Amino acid sequence: MNVFKKSHTFFFLSFLFAFAACYAQKNAIVAHRGAWKKNNLPENSIASLRHAIDLKLSGSEFDVWRTADDSLVINHDAHFNKLLIEQTNYADLIKFNLSNGEKLPTLYEYISEGIKNNKHTLLVCEIKPSEISKERGKETAIKTVETIKKLKANKKTCYISFDYDILKQIRAIDSKTSLQYLEGNKSPKEVKADNINGVDYHYSVFKKHPEWIQEAKENKIILNAWTVNEAADMDWIIDQKFNYITTNEPELLKERLKAKK
């Protein structure tokens, strides 16, 4: 077999493996901002990521912002310690620690930890829409993907966003990575038309549009629901056989899944 054929075969098999991994999952648990709640860890901290991996959860979600001096950092809100992240340099942000003493992690540090001794947990990377401009958000997406590829973590990572243009920007530079849309205003058929792999909507959206559940399955679109924290809501999503369930209560969700067997 020549080099071209070997390369072509390798990438084709890699694609099939990734595709099968996505759709083989049923009711897989994604820790929302890491597994933080039970042990009172800071959300989006390396400690909460490590705990999600130690629990062997199927995924751990985290949020990315870009600072004024172009550092990619992990934080849910647009501000950290009352400082707007997009308008503040990283050196000024890390003057303040997280509640467990960690400094605000960079994406590079976070992903580096996330790929250590991790055979089970998908890194679910939410890229936050920029509050400055659409273009800045898309630039952040490009820099995020570049960092993750540099760390050779792209096969362990998928991307989610409320900004549809961010997902389309990622697709333009990476034809294979898994993308899921968060906003809840597009049908599975619509996202499929733009080569987006999944709908990751608040569970209430699926209760309002139950027809989207079957539509997603028929179109091989990944189904993910957030943030499912109550037992009754968990049971409803479990019965619908979603691919992923995103929760602040991974331990409770494990119990509900066990009870359903």
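**Note on helix H4 and the overall fold**

1. In helix H4, the buried residues (under 20% relative accessible area with a 1.4 Å probe, protein chains only; exposed is over 50%, partly exposed in between) are Leu-107, Tyr-110, Ile-111, Ser-112, Glu-113 and Gly-114. H4 covers residues 107-114, and because six of its eight residues are buried, the helix is largely enclosed by the rest of the structure.

2. This is a predicted model, in which local features need pLDDT of at least 70 and side-chain atom pairs count only at pLDDT 80 or more, while totals for chains, interfaces and linings use all residues. Residues are numbered from 1 along each chain as its sequence is written, and side-chain values use heavy atoms, with hydrogens and water left out.

3. The cover over the buried residues of H4 includes helices H2 (46-54) and H5 (134-150). Strands S2 (59-66), S3 (72-74) and S6 (122-127) are also among it.

4. The protein has eleven helices and eleven strands. These are DSSP runs (helices: H or I, at least four residues; strands: E, at least two), numbered from the N terminus.

5. Of the 261 residues in the protein, 51% are buried. Among contacts (heavy atoms within 4.5 Å) with a separation of 6 or more, 56% are between residues 24 or more positions apart.

6. The C-alpha atoms fill a box of roughly 55 × 50 × 35 Å along the principal axes.

7. The accessible surface (Shrake-Rupley method, 1.4 Å probe; for residues, only the protein chains shown count as cover) is about 12900 Å². Carbon and sulfur atoms account for 53% of that surface.
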